[in-house]
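Me: I am new to this structure and should be grateful for a close look at one part of it, the nonpolar core. Please then relate that part to the helix contacts and the loops.

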Amino acid sequence: MPYTADISRANPACIMFLVDQSGSMTGDLAGQPGQRKMDMAADAINRTIDTLSQRCSDGMEVRNYFHIGVIGYNTDRGANPILTSLPGTKPDQPFLMIGEVADSAQIEERLVKESDGAGGLVEVQRQILKWLEPKGELGTPMLHALQVTSRAIETWVSEHPNSFPPIVINISDGAASDGDPEDQAQLLKNIQTVDGNVLMFNVHLSKVASSTVIQYPDSEDRLPGEDDPDPDEAAARKMFRMSSVLPEASRYHAGGLDLPVTDNSRGYVYNADVVALVQFLDIGTRAASNLQ
């Protein structure tokens, strides 16, 4: 059965986060004024990396069960792609061991609202760990980002052929500006270790306030059609097809959260709000859950 390999320091798992950093990401999440898509995406990825490092912690030691990469993508004014990555890495060599990632965290002091225990909210100063800064400028070179990611993943797999297959999680608010990414996504998903094919999951941060969140669909039927006049909404079905079927471990975790999943559910969420985005990243990374 695929997607069951044990994860250890000898055979680590690989998780790549791709994040759209185009100009449209400066807009608000659908129906959530004041919550910019780029801020929510960065916060969710930072929170997930922190959670992964905690899953690998044994006392003061962070055991290197995961290799982590982050690639942000946008363009310059000439529509040339710009890719960013974690400090100490390059987009074509994007991975750090989770212990190295944990050591490189920046600390931000932030006021957050928390329960006061009496039914109200109170602002509290908290320290937030972060690796990714929010950014939103110009175009969306998703195709180029997937091409660079595919090459990096191929190299990683050649060095870790017996590991759990790499997980690629892409966060975007719509259409690529540099061509059709669907075929490249399929090429990426065709890369495999002995335990199965690369898993690619996508979350779509829509701007359509009237739409409901659609989580882990098993068909395109409820998604906007590809004839939608808004190209970002027309990309919904494409992003669904670009997404892998959720493996059993992810379906089990989603079911435990009372989320609607079937055996054919894909790792895709349309019109994600903050809660759905955070859940999505947790469920996606839980595919690699057999830590030894």
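Reply: The account below begins with the core and then turns to helix contacts and individual residues.

The model is a predicted one. Its largest nonpolar core holds 48 residues, and within that core Phe-17, Phe-66, Ile-68 and Ile-167 touch the most other members. In soluble globular proteins, nonpolar side chains tend to be buried together. Several elements each supply at least two residues of this core: strand S1 (13–20), helix H1 (37–55), strand S6 (66–75), helix H2 (98–103), strand S11 (167–172), strand S14 (199–204) and helix H8 (274–285). The greatest share comes from H1, which gives 8 residues.

Ile-68 allows a closer view of these surroundings. When neighbours within four places in sequence are left aside, Ile-68 is in contact with Ile-15, Phe-17, Ile-49, Leu-52, Leu-86, Pro-94, Phe-95, Leu-96, Ile-98 and Val-101. Apart from the largest core lies another, made of 22 residues, among them Cys-14, Val-168, Ala-185 and Val-198.

Ala-185, one of the residues of that other core, leads to the first helix contact. Helix H3 (residues 142–159) and helix H4 (residues 182–190) pack with their axes 9 Å apart, at an angle of about 15°. As angles under 35 degrees count as roughly parallel, H3 and H4 are therefore roughly parallel to each other. The crossing in which H3 passes H4 is left-handed. On the H3 side, the contact is made by Leu-143, Leu-146, Gln-147, Thr-149, Ser-150 and Ile-153, and on the H4 side by Gln-184, Ala-185 and Leu-188. By class, these residues comprise 5 nonpolar, 4 polar and no charged.

H3 also contains Glu-159. This residue counts as exposed, because its relative accessibility is 55% and the class begins over 50%. Glu-159 and Asn-11 are 148 residues apart along the chain, while their C-alpha atoms are separated by 9.9 Å.

H8, already named among the suppliers of the largest core, takes part in a second helix contact. Helix H7 (residues 248–256) and H8 pack at an angle of about 140°, and their axes are 8 Å apart. The two helices are therefore oblique to each other. Ser-250, His-253 and Ala-254 of H7 meet Asp-282, Ile-283 and Gly-284 of H8. Here the classes are 2 nonpolar, 3 polar and 1 charged.

The loops complete the picture. Between H7 and strand S16 (268–270), the loop includes Asp-258. Asp-258 counts as exposed, at 72% relative accessibility, and its phi is near 60°, a positive value in a residue other than glycine. Most residues other than glycine have a negative phi. Tyr-216 likewise has a positive phi, near 55°, and is placed in the loop between strand S15 (214–215) and helix H5 (231–234). At 2% relative accessibility, however, Tyr-216 counts as buried.

A further loop, between S1 and strand S2 (28–29), contains Gly-23. Gly-23 is partly exposed, with a relative accessible area of 23%. Its contacts, leaving aside neighbours within four places in sequence, are with Gly-136, Glu-137 and Leu-138. Phe-95, a contact of Ile-68, stands 72 residues from Gly-23 in sequence and 26 Å from Gly-23 in space, C-alpha to C-alpha.

Key. Residues numbered from 1 in each chain as written. Predicted model: local features only at pLDDT ≥ 70, side-chain atom pairs only at ≥ 80, totals over all residues. Heavy atoms only, no water. Axes fitted to C-alpha atoms, helices over the stretch in contact; angles between N-to-C directions. Helix = DSSP H or I, 4+ residues; strand = E, 2+ residues; numbered from the N terminus. Parallel < 35°, antiparallel > 145°, perpendicular 65-115°, else oblique. Left-handed = near helix turned anticlockwise from the far one by under 90°. Contact = heavy atoms within 4.5 Å. Nonpolar A, V, L, I, M, F, W, Y, C, P; charged D, E, K, R; others polar. Core = buried A, V, L, I, M, F, W, Y, C linked by side-chain atoms within 4.5 Å. Buried < 20%, exposed > 50% of the residue type's maximum accessible area, 1.4 Å probe, protein only.
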